[in-house]
Amino acid sequence: MNCERCSCELREEDIVVYQNKHLCEDCCFDLMNPPKTCDPTAVSSTLNVRKELGQSGTEGLSELQKKIYSLVVERSPISREDLLATLQLSPSEFEREFSVLRHCELLKGFKKGSTVFFTKY
Ligand SMILES: [Zn+2]
């Protein structure tokens, strides 16, 4: 099996299915985090809701989101592998939680070489 986007070779366990495509983790990450298309509406609506609720920082986040946030703050920049291994999360669980943290402008991801790192916003 090859990645449908960059056609790199993939081992069965490294395949990520995203939007019905079989992708390597890197491509999946790129698609989920397109450079500069942070969805401004999603961001501002999340921020507005939080503002209305009087939430700031990590208030209003789930326990898991708080855990991710404090781990990243403590070990920033932390690689994706490290983070997943430390919190024992699957990539899809993590992406779901991380998108909230990114929308709340708490954390962001960046790529260095072929490794993805996370740091404070
Ligand atoms: Zn790929």
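These are my notebook entries on one protein model, which is predicted.

**Entry 1: the zinc ion**

I went to the metal first. Which residues hold the zinc ion? I found C3, C6, C24 and C27, each giving its SG atom, and they lie 2.3 Å from the zinc ion. Next I looked up the angles among the four donor atoms: they run from 103 to 119°, and the site is tetrahedral. Along the chain, the donors follow the spacing C-x2-C-x17-C-x2-C.

I then checked where two of these cysteines sit. C6 lies in the segment before β1 (16–18), while C27 belongs to helix α1 (residues 25–32), so the pair ties together parts that are 21 residues apart in sequence.

Buried or exposed: what is C27? C27 is buried, as its relative accessible area is 5%. C6 comes out as partly exposed, at 39% relative accessibility.

**Entry 2: the cores**

I turned to the nonpolar residues. How many residues does the largest nonpolar core have? The count is 18, and the ones with the most contacts inside this core are I68, L83, F94, L107 and F118. I wanted to know which elements feed it. Those giving two or more residues are α3 (63–75), α4 (80–87), α5 (91–103) and β5 (115–120). Helix α3 gives the most, with four residues.

I picked L83 for a closer look. Leaving out neighbours within four places in sequence, I see L83 in contact with I68, L71, V72, I78, F94 and F118.

There is also a second, separate core, this one of eight residues. I noted L10, V16, L23 and C24 among them. C24 caught my eye there, as I had already listed it as a donor of the zinc ion.

**Entry 3: F29 in helix α1**

Back to helix α1, where I found F29. F29 is buried, with 5% relative accessible area. What does F29 touch beyond its neighbours in sequence? Not counting residues up to four places away, I get R80, E95, V116 and F118. F118 is a residue I had met before, as one of those with the most contacts inside the largest core. I also looked up the distance from F29 to Y18: they are 11 residues apart along the chain, and their C-alpha atoms are separated by 9.6 Å.

**Entry 4: the open sheet**

Next, the strands. In what order do the three strands of the open sheet come? I read β3-β5-β4, with antiparallel pairing. Strands β3 and β4 (107–112) are the edges, each pairing on one side only. Between β4 and β5 I count six bridges, and these two strands run antiparallel. L107 stands opposite K120 in β5.

K120 led me to R102, which has its place in helix α5. The two are 18 residues apart in sequence, with 9.5 Å from C-alpha to C-alpha. R102 is an arginine I marked as buried, at 14% relative accessible area.

**Entry 5: T119 and the cis bond**

I stayed in strand β5 for T119. At 16% relative accessibility, T119 counts as buried, because the cut-off is under 20%. Which side chain does the side chain of T119 meet in a polar contact? The partner is S76, at 2.7 Å. Apart from residues up to four places away in sequence, T119 touches V72, S76, P77, L106, L107, K108 and F110.

Two of those touched residues, S76 and P77, share something else I wrote down: a cis peptide bond joins them, with omega about -10°. P77 lies in the loop between α3 and β3 (78–79).

**Entry 6: positive phi angles**

Last, I looked up backbone angles. N20 is not a glycine, yet its phi is positive, about 60°. Where is N20? I placed N20 in the loop between β1 and β2 (21–23). N20 is exposed, with a relative accessible area of 73%.

Q88 is another entry under this heading: its phi is near 50°, again a positive value in a residue other than glycine. I found Q88 in the loop between α4 and α5. With 69% relative accessibility, Q88 counts as exposed.

Notes. Residues numbered from 1 in each chain as written. Predicted model: local features only at pLDDT ≥ 70, side-chain atom pairs only at ≥ 80, totals over all residues. Heavy atoms only, no water. Donors = N, O, S within 2.8 Å, 3.2 Å for Na, K, Ca; no water. Tetrahedral: all angles 85-135°; square planar, octahedral: opposite > 155°, others 65-115°. Buried < 20%, exposed > 50% of the residue type's maximum accessible area, 1.4 Å probe, protein only. Core = buried A, V, L, I, M, F, W, Y, C linked by side-chain atoms within 4.5 Å. Contact = heavy atoms within 4.5 Å. Polar contact = N/O pair within 3.5 Å; in protein donor to acceptor, adjacent residues only side chain to side chain. Pairing = 2+ DSSP bridges.
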